[in-house]
Structures are given as structure tokens and as C-alpha cells.
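Let's take a guided walk through a protein model together. Have the sequence and the 3D view ready, and follow along as the residues come up.

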Amino acid sequence: TGLAMQDQAVPVEVLGRRQIEQNMLVAPGDIVRSLDAISGLRVQTTSPELGTAMVRVQGLPGHYTRVLADGVPLYFDHPGGLALVQIPPMDLDRIEVLRGSASAVFGANAHAGVVNLLSRRPGKEANREFLFSQSTRDRTDGVLWLASPANGPSKRWTNTLLVSAHRQQERDVDADGWSDLPGYSRGVARQRVFWD
């Protein structure tokens, strides 16, 4: 809404960059671990074979939670929840959560609440970050984030670039005939351009 957190009509909880970085070191390929760290939210796996998940706020079904990216519903928060497992947290600055009905502002999907993923903006100097992770359960993640400071005569344009690759073998850890870990191979390339 453009107001400061303390001036909001309903409480807003924020998961900052430091907490996102701590969770990213364990799971650099998705934001599920970061969302699990927020009170009142629960990420529910909808299909272990596909690795899909959805956010439940205050116990309501996941299709009542609106997921936004920089205030825009880009990640198609439909039941099934493919979006959450495909969002690398490397280029997120913070996650804002509004618990409770917000359907008057954010649409019919926001009866339980809203999760807004806010992207990192470039600073005054160029920034490069690279993270490579491999787990004992055959999960491999590589993420590169580049940020360019304002350049050109107007000094108003900046940009960021995220490139990542993620792979995991499907595994039945307890040998009961059901997949415990999904199998996937995916790549993400996303450029954001900012004008101040």
C-alpha cells in the first residue's frame, strides 16, 4: 500500500534478507524453507512426486493465499503450487506476509492472506554472488546473481540478472514404493530492470 509497516491497518510480518540467506544456504533452489520460518504459515506438499507445494495461512487451504512478486500476482498461485518450488531466493530482498482476509485489496484468492516476494535492488556498486550446493540426497544447485549499478547519463537505470540450474534424482528413501524426494532438472534465467 505504500505505507510504513507500523502504519498498516493489519499486522505485516517481514522475513528479511539475513534470514533468507541463512535458509538459502540449506535450500538454494526454492523459497519453501524461508516460508516455513514465518509463524502462521505452513508450506504443504501437494505432490511428492512432482515436488509441488502451496502456502497455507492460519490453517486455511492454499488456494485462499495470494502469492505476489513485487506486488504483482506473477507466480500463478493456483492449487497445486508449482510456483513455490521454482523460485530461487537469491534475488529476494524480503518476504512480507499479511495474515487475514485481504481480498478487498488483492482479489478473491486472498481470503487467508498475502505473501509478497520483494526483489533485491542493485546498490551503488556492482555486485556478483555465486552459490553452488550439493547434498547427500543427490540434489545439486548452482545460482549466479549479478547486479549493475546506475549507469549512463541519467543515472536512473539499474538491472539484476539471476541464472540458476537445479537438479535432483527421484528417491524412495525408506523403500516403501513411494517417492520421498521428487526428481527434477530445471533452469531459471531472470533479468530485472529498475528505473528510479
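A good place to begin is the inside: the largest nonpolar core has 19 residues, and L35, I38, L41, I95, V115 and L117 have the most contacts inside it. Keep in mind that you are looking at a predicted model. Helix 2 (32-36), strand 2 (41-47), strand 3 (52-57), strand 5 and strand 6 are the elements that give two or more residues to this core. If you pick out L41, you will find that L41 touches L35, V55, R56, V57, V97 and V115, leaving aside residues up to four places away in sequence. There is also a second, separate core of eight residues, with V143, A147, L162 and V188 among them.

Now turn to the sheet. Four strands form an open sheet in the order 1-5-6-4, and their pairing is mixed. Strand 1 (12-15) and strand 4 (65-69) are the edge strands, each pairing on one side only. From one strand to the next, the twist averages 15°. Helix 1 (residues 17-26) packs on this sheet, where helix 1 touches strand 1 and strand 5, and its direction makes about 105° with that of strand 5.

How do strand 5 and strand 6 pair? Strand 5 (residues 92-99) and strand 6 (residues 113-119) run in the antiparallel sense, over seven bridges. Across this pairing, V97 stands opposite V115 in strand 6.

Next come the charged side chains. The whole structure holds 11 salt bridges, including these three:

| Salt bridge | Closest N to O distance |
|---|---|
| E21 and R17 | 3.3 Å |
| E129 and R120 | 2.7 Å |
| D141 and R139 | 3.1 Å |

E21 and R17 are four residues apart in helix 1, so about one helical turn separates them. E21 is partly exposed, with a relative accessible area of 32%, whereas R17 is buried at 14%. R120 is buried too, with a relative accessible area of 10%. Both D141 and R139 are buried. Elsewhere, salt bridges link D70, D91, R190 and R192 in a network.

Finally, visit a loop. D172 lies between strand 9 (157-168) and strand 10 (184-195), and D172 is partly exposed, with a relative accessible area of 30%. Which residues does D172 touch, not counting those up to four places away in sequence? They are G177, W178 and D180. A polar atom of the D172 side chain lies 2.8 Å from the backbone nitrogen of G177. D172 and P182 are 10 residues apart in sequence, and their C-alpha atoms are 9.0 Å apart in space.

Conventions: Residues numbered from 1 in each chain as written. Predicted model: local features only at pLDDT ≥ 70, side-chain atom pairs only at ≥ 80, totals over all residues. Heavy atoms only, no water. Pairing = 2+ DSSP bridges. Axes fitted to C-alpha atoms, helices over the stretch in contact; angles between N-to-C directions. Contact = heavy atoms within 4.5 Å. Core = buried A, V, L, I, M, F, W, Y, C linked by side-chain atoms within 4.5 Å. Buried < 20%, exposed > 50% of the residue type's maximum accessible area, 1.4 Å probe, protein only. Polar contact = N/O pair within 3.5 Å; in protein donor to acceptor, adjacent residues only side chain to side chain. Salt bridge = Lys/Arg side-chain N within 4 Å of Asp/Glu carboxyl O.
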